[in-house]
Amino acid sequence: MTGERDLRALLSGMRPERNEGRFVFATVPGTVPEGLTPVVTVTEPEGRTLVVHQDEADRAGLAYDYVAGWITLRVHSALDAVGLTAAVATALAQAGLSCNVVAGFHHDHLFVPYAATDEALRRLRALADQA
């Protein structure tokens with residue numbers, strides 16, 4: 001199934017959806033510790049970054065300093081689509097909201113400050129309505 005490339009279609013069809021829970025970014029030196037189910041992993045020279053539920057990180061004793069809400073853009077975006085990340089990041093930046101974006105094969109995933117998740121959803125829905 002081919003993802004969408006047209007920016008107007010991507011924006012109008014984003015259908016942002018909140019994933020329940022609080023998520024944190026933590027780093028470990030090697031493999032994922034037993035008992036953790038990360039929703040994202042990124043391997044860097046400095047260590048492996050994990051995005052996990054906050055309660056899992058707490059149980060594992062992992063350090064973190066950023067608690068995020070997770071928003072999925074339900075539109076199936078092509079990995080080579082141009083402009084979606086920029087448009088979303090700009091809309092959130094104009095509201096003073098940080099945004100960490102992760103591209104999955106089918107969807108884009110946004111991690112925003114947990115306390116601002118509802119505001120981020122409002123901004124994203126407004127962006128979709130304008131498209």
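This passage looks at salt bridges in a predicted model, with attention to where the paired residues lie.

Five salt bridges are found in the structure. Side chains of opposite charge can pair when their charged atoms come close. A convenient place to begin is helix 2, which spans residues 54-60. Here the side chains of Asp 55 and Arg 59 form a salt bridge, with an N to O distance of 3.6 Å. The two residues are separated by about one helical turn, because they sit four residues apart in this helix. As for accessibility, Arg 59 has a relative accessible area of 63% and is therefore exposed, whereas Asp 55, at 42%, is partly exposed.

Helix 4, covering residues 117-130, offers a further setting for such pairing. Glu 119 makes a salt bridge with Arg 122, and their closest N and O atoms are 2.9 Å apart. These partners are three residues apart in helix 4, so about one helical turn separates them. Glu 119 also meets Arg 123 in a salt bridge, at 2.7 Å from N to O. In this case the spacing along helix 4 is four residues, again about one turn of the helix. Through shared partners, the salt bridges join Glu 119, Arg 122 and Arg 123 into one network.

The accessibility of this network can be followed for two of its members. Glu 119 has a relative accessible area of 24%, which means that this residue counts as partly exposed. Arg 123 is likewise partly exposed, with a relative accessibility of 36%.

Methods: Residues are numbered from 1 along each chain as its sequence is written. This is a predicted model: local features need pLDDT of at least 70, side-chain atom pairs count only at pLDDT 80 or more; totals for chains, interfaces and linings use all residues. Side-chain values use heavy atoms; hydrogens and water are left out. A salt bridge is a side-chain nitrogen of Lys or Arg within 4 Å of a carboxyl oxygen of Asp or Glu. Buried means under 20% relative accessible area, exposed over 50%, partly exposed in between (1.4 Å probe, protein chains only).
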